Amino acid sequence: MKPTEGGGALGLFDEARVVGVVLKKELVLYLRYPVWVLFDALMPLLWVLSLVIYGRALVGSPYSENLARLANTGDYVSFTIVGMIVSSFAYSTLWGMSYALRGEQWSGTLESTFLAPCSRFSILLGKAFSSMLTTSLWVFLQISLVSLVFGLNVKFLNLPFAMLFFLVALPSFIGIGFSLAGVVLDFKEHSAFVNFLSSLLGLLLPISYPLSVLPPVLRYFSYLLPPTYAIEGMRSLLIMDSGLNEVMGLAVPLIFFDVFWLSAGIMIFAREERRVLKKGTLGYY
Amino acid sequence: MVFHVMLEYSVVAKRLRKVYRKEEGGFPFRRKSSETIVALDDVDLSVKKGELFGLLGPNGAGKTTLVKILSTIIIPDAGTALVNGHDVLKEPGKVRASIGVVSSGERSLYWRLTARENLEYFARLYKVPDGVARRRISELLSLMGLEDRADELVEKYSGGMRQKLAIARAILHDPEVLLLDEPTLGLDPSFSRSIRVFIREELNRKQGKTILLTTHYMDEADQMCDRVAFINKGRIVAVDSPEKLKAMIGMNEVLKIVVSNLDEKVLTMVRGLPFIEDCGVANAEQDGRTMVRLYMKNVDANIQEVVGVFSKAGCRIFSLSIEKPTLEDVFVKLTGEVLDG
């Protein structure tokens with residue numbers, strides 16, 4: 001009794017247009033909740049400011065000898081902000097997909113959306129891209145403010161390479177997002193799950209400290225996470241002025257993760273969707 | 001044979017079965033309970049092309065499950081279903097492209113988008129070309145009487161306006177088949193009437209769409225449908241035109257009595273009268289009043305005796321009327337149960 005999943009009635013061009021219209025709809029809806037927009041703008045600023053001020057209180061200056069020894073840069077403000085930026089994009093892709101489907105279940109629109117003959121992955125991608133677009137805006141604000149108040153030593157000439165490197169990491173984030181969206185579709189209770197995962201990633205990812213300070217067991221887990229390589233690679237390009245050839249060692253595992261997580265994400269989402277359709281609980285909240 | 005079925009019928013369901021198993025506990029300790037609910041039990045159903053077909057049954061009878069299986073958002077445990085010649089399990093994308101679905105309730109639209117934005121969004125999901133979508137959205141908004149408020153947020157709409165918009169969304173891509181699940185549920189009578197007229201006259205008669213409509217309002221099914229299927233506890237009990245179904249009762253009139261102080265003893269006495277063929281008790285009790293429908297021959301000749309039994313038993317009679325048999329009478333006769341609502 002297995003159905004052929006995923007619509008399949010639309011061509012690639014139509015699916016791309018579905019991604020676009022979902023992105024547009026998400027942005028319009030987002031802007032219609034101005035309080036959310038305000039909180040979303042302020043929260044990352046508060047997080048990064050508290051980390052930077054904490055660092056200054058511990059070190060007493062913008063430069064840390066200890067960090068320089070561990071991470072090849074003593075500029076902890078720049079070190080932290082690049083970590084925050086990359087992790088913000090990773091989180092926005094992951095949570096953008098899982099939160100958005102749950103939101104549709106709450107609002108009652110998931111069934112009417114899934115009744116359309118387009119691919120579910122186009123809908124998920126539209127949601128992820130909209131989330132990334134808003135994140136870009138807040139990241140730009142973060143960078144501007146931190147540059148203004150604390151000064152930021154970022155090699156802006158390397159920005160295109162850093163973006164290219166991020167694009168290499170993106171498919172793995174999307175694949176993990178597909179998996180999370182599938183799990184949330186079935187298990188519903190996603191807040192506790194996502195909060196726990198956020199805290200776990202906050203510990204394991206080298207956002208505000210270098211990997212070398214993590215206990216070895218945790219470090220191994222960190223190496224299993226694609227955002228770890230994305231943060232390390234982009235930090236290397238944006239702060240340490242590395243060339244593309246110097247971050248290739250980090251890009252290779254990312255490409256492996258891309259293939260693995262995209263395949264796993266598609267399979268997990270399709271399996272979870274089928275479970276939900278069998279249980280008859282697609283629209284349940 | 002299959003080709004013949006495809007030509008003549010838009011919807012064909014064969015031995016559809018769906019059993020829900022309850023779950024206990026929360027994530028990650030959720031487990032399946034041994035308690036099950038049989039939502040559909042070997043359901044066979046065929047809806048002809050261009051037909052307005054009603055699925056009539058009480059709440060929980062399995063109507064919504066059947067519509068959701070036909071619209072590919074529930075997978076059956078057994079059986080097959082074809083919609084527009086496409087198998088719901090093997091070609092869900094083609095099925096979705098050829099159907100429009102309206103469900104009861106008002107939450108299937110984005111309340112923080114305008115009516116126009118909602119329609120533009122769904123037009124793209126259904127691959128309606130931009131030019132066609134613009135024209136069709138204008139036409140539909142006008143047809144539904146929503147053009148003056150097309151650029152208002154849906155959250156400001158009344159329930160009836162939202163339901164009209166939901167219908168507009170369902171027919172935006174001009175599907176051949178419409179699955180309407182309780183489309184007038186919770187609407188005030190004037191909105192319900194206008195929606196019924198629109199479904200029957202515009203969508204079915206004028207545009208020739210095949211419509212499968214579920215309802216638990218007998219009047220709705222009686223007025224609108226070419227054929228009606230009764231569904232109860234997951235099983236199809238009878239299928240025919242409303243007129244033929246009503247003729248099944250075998251009599252032209254039904255005696256309807258509203259009484260108080262009714263108990264099982266009085267009912268047994270009434271049922272024991274030699275001319276009484278059957279008796280239905282409605283669940284609509286108000287201020288201790290109960291509606292009893294008596295199926296009997298020669299109502300005029302026997303009415304005094306019936307009144308006498310109720311009076312002697314201490315029941316107060318509030319109203320007495322002789323009516324034509326309704327679909328509800330047929331349902332009561334076939335199942336021994338009443339349609340709620």
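## Chain B up close, with a look at helix H4 of chain A

Leu56(B) sits across from Phe230(B), a residue of strand E9(B). Keep in mind that this is a predicted model, where local features need pLDDT of at least 70, side-chain atom pairs count only at pLDDT 80 or more, and totals for chains, interfaces and linings use all residues. Residues are numbered from 1 along each chain as its sequence is written, while chains are lettered from A and ligands numbered from 1 in the order in which they are written.

Let's stay with E9(B). Helices (H or I, at least four residues) and strands (E, at least two) are DSSP runs, numbered from the N terminus. Two strands pair if DSSP finds at least two bridges between them. Strand E3 (residues 52–56) of chain B runs parallel to E9(B), with four bridges. E9(B) is also joined to strand E10 (residues 235–240) of chain B, this time antiparallel and through five bridges. There, Ala229(B) faces Val239(B) of E10(B). The hairpin of E9(B) and E10(B) has two residues between the strands, and Lys233(B) has a positive phi near 50° in it.

How much of E9(B) is buried? Five of the six residues in E9 (residues 227–232) of chain B are. Buried here means 20 or more other C-beta atoms within 10 Å of a residue's own; exposed means 12 or fewer, and partly exposed is in between, with C-beta atoms placed from the backbone. For chain B, 44% of the 341 residues count as buried.

Two other residues of chain B catch the eye for their backbone. Most residues other than glycine have a negative phi. Here are two that go the other way:

| Residue | Phi | Loop | C-beta atoms around it |
|---|---|---|---|
| Thr72(B) | positive, about 75° | between H2 and strand E4 (78–83) of chain B | 28 within 10 Å, buried |
| Asn84(B) | positive, near 55° | between E4 and strand E5 (86–87) of chain B | 19 inside 10 Å, partly exposed |

Zooming out, chain B has 12 helices and 14 strands. It is split into domain 1 (2–246) and domain 2 (251–324), with bounds that come from an automatic or database domain assignment. The C-alpha centres of these two domains of chain B are 38 Å apart. The C-alpha atoms of chain B fill a box of roughly 75 × 50 × 50 Å along the principal axes.

Now for the partner. In all, 31 residues of chain B are in contact with 32 residues of chain A, contact meaning that C-beta atoms, placed from the backbone, lie within 7 Å. On the chain B side, helix H2 (63–70), helix H3 (92–98) and helix H4 (115–125) each give two or more residues.

Over in chain A, helix H4 (residues 76–107) bends by about 30° at Trp95(A); the bend is the angle between axes fitted to the seven residues ending there and the seven starting there. Because 28 of its 32 residues are buried, H4(A) is largely enclosed by the rest of the structure. Gly108(A), with a positive phi near 90°, follows H4(A).

How far can you trust it? The predictor gives the complex an ipTM of 0.87 and a pTM of 0.86. Chain B averages a pLDDT (the predictor's confidence in each residue, from 0 to 100) of 89, and 93% of the residues score at least 70. Among the elements of chain B, helix H1 (residues 2–8) has the lowest mean pLDDT, 60, and H4(B) the highest, 97. Where pLDDT is low, the predicted coordinates should not be read in detail.

Key. Two residues are in contact if their C-beta atoms, placed from the backbone, lie within 7 Å.
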